[in-house]
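Please open the structure in your viewer and follow the stops below in order, selecting each group as it comes up.

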Amino acid sequence: MQSLGKRAAGERLERMRASPLWQGDGFRNRHPILPGLRDASVAMPSLKDFLLGGERRVPDAPLPSVDPRPVWRRPPDSGLRATWLGHSTVLLEMDGYRVLTDPVWGKRASPFALLGPKRFQPVPLRLRQMPEVDVVVISHDHYDHLDYPTIRALARHSAVPFVTSLGVGAHLQAWGVAPERITELDWWETHRVPGTGLSITAAPSQHFSGRGLKDRNATLWSSLVMRSEGHAVFFSGDTGLTTEYIAIRDRLGPFDLVMLEVGAFHPAWGDIHLGPLNALKAHTLLGGGAFMPVHWGTFSLAMHAWDEPADTLLAHAPTHEQLLMPQLGEAVEPAHARPLQPWWRQPGGQRGVSVKPPEETPALEGEPKRALPWPLD
């Protein structure tokens, strides 16, 4: 099963074993879990909960979506612009360079062809319609962040470099990405993207990894900091709340834009997912800055309502001035943000005028559709 990826071996594995985060047979979170993050009285969700639990887990109508290409044709006035393309996929424009985070164009966050979390609607534009990017960054190897058909398409049709966490390069290389295009980082390591003014630094997060039943924690997970000549952006990947955000702020901040995951939360997962309330706390620990929530509004990965993360943020944020909550495909500049509009609350289920996006998953001709149970995100 190609979508499962490949385990690290040889020099790659030796480098992983040299990491202070490697313990015995895999990586481990080094920072203690903060008290109260995980509710021990609440059981982990069952497969039945995933398939049948919860209400309003998907939108009742297409979400508003815009084609960002007209905006992309002109540079951002401020030098920094972000376009949310769904879940944790964001195109960052930073002082003339483009960074793409956790690109996922596939229809499902799963190795299944016909089973597993299905995206609410396609990405606002096809992968082949994307502009050339200077670097792709991948936080960790879960299916909703590392997408096999998307990587295969990028490997075939682009020479873009990849920066990711230790061990994840084995998956990329197995899927056709040339090894010289792959850079794997341990926490606090920095890579300067050749020919650009960009640097990428891997930083701590509180999560786990794995794509199958026998590879849990076989690769590292990271948050990532992208820095250009005039701007810095923090991207959480997936994480629980950790006071290591203070160290990240002190060593790598301040940040012009903070992108934190807010969806797929559950009382039993408080140590590995932020959710909206802990994302607000993380934003404070990171020193503030414009806050754009990610990891929501695309897949149903937990039992809460699809729009609960957005409504909770809106209700509990001390101020809405720093919140950036664009529609799918809407390009926004943190320095010139407009007043927040709760576009997900449009009456009658017709959430504004929706541009019909293309039905597309990156094509993998001649490759069989396989299935395997997916791990929790």
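## A covered helix and its surroundings

Begin by selecting Tyr148, Pro149, Thr150, Ile151, Arg152, Ala153, Leu154 and Ala155, which are buried residues of helix H4 in this model, a predicted one. Widen the selection to residues 148–157 and you have the whole of H4, a helix that is mostly covered, with eight of its ten residues buried. To see what covers these buried residues, add strand S6, strand S7 (162–165) and helix H5 (169–174), against which they pack.

Keep S6 in view and bring in the sheet, where seven strands lie in the order S8-S7-S6-S5-S4-S3-S15, forming an open sheet with mixed pairing. Strand S8 (182–185) and strand S15 (331–332) stand at its edges, and because each has a single partner strand, one side of each is left without a neighbour in the sheet.

Now move to strand S5 (residues 97–101) and strand S6 (residues 135–138), which run parallel and are joined by three bridges. Select valine 99 together with valine 135, its bridge partner in S6.

From valine 99, go on to methionine 226, whose contacts, leaving aside neighbours within four places in sequence, include Val99, Leu92, Val137 and Phe235. Which residues touch the most other members of the largest nonpolar core? They are Leu92, Met226, Leu257 and Leu260, out of 59 residues in that core. Apart from it lies another core, of 25 residues, among them Leu91, Ile138, Ile151 and Val160; selecting Ile151 takes you back to H4, where the tour began.

Notes: Residues are numbered from 1 along each chain as its sequence is written. This is a predicted model: local features need pLDDT of at least 70, side-chain atom pairs count only at pLDDT 80 or more; totals for chains, interfaces and linings use all residues. Side-chain values use heavy atoms; hydrogens and water are left out. Two strands pair if DSSP finds at least two bridges between them. Helices (H or I, at least four residues) and strands (E, at least two) are DSSP runs, numbered from the N terminus. A nonpolar core is a set of buried Ala, Val, Leu, Ile, Met, Phe, Trp, Tyr and Cys residues joined through side-chain atoms within 4.5 Å. Buried means under 20% relative accessible area, exposed over 50%, partly exposed in between (1.4 Å probe, protein chains only). Contact means heavy atoms within 4.5 Å.
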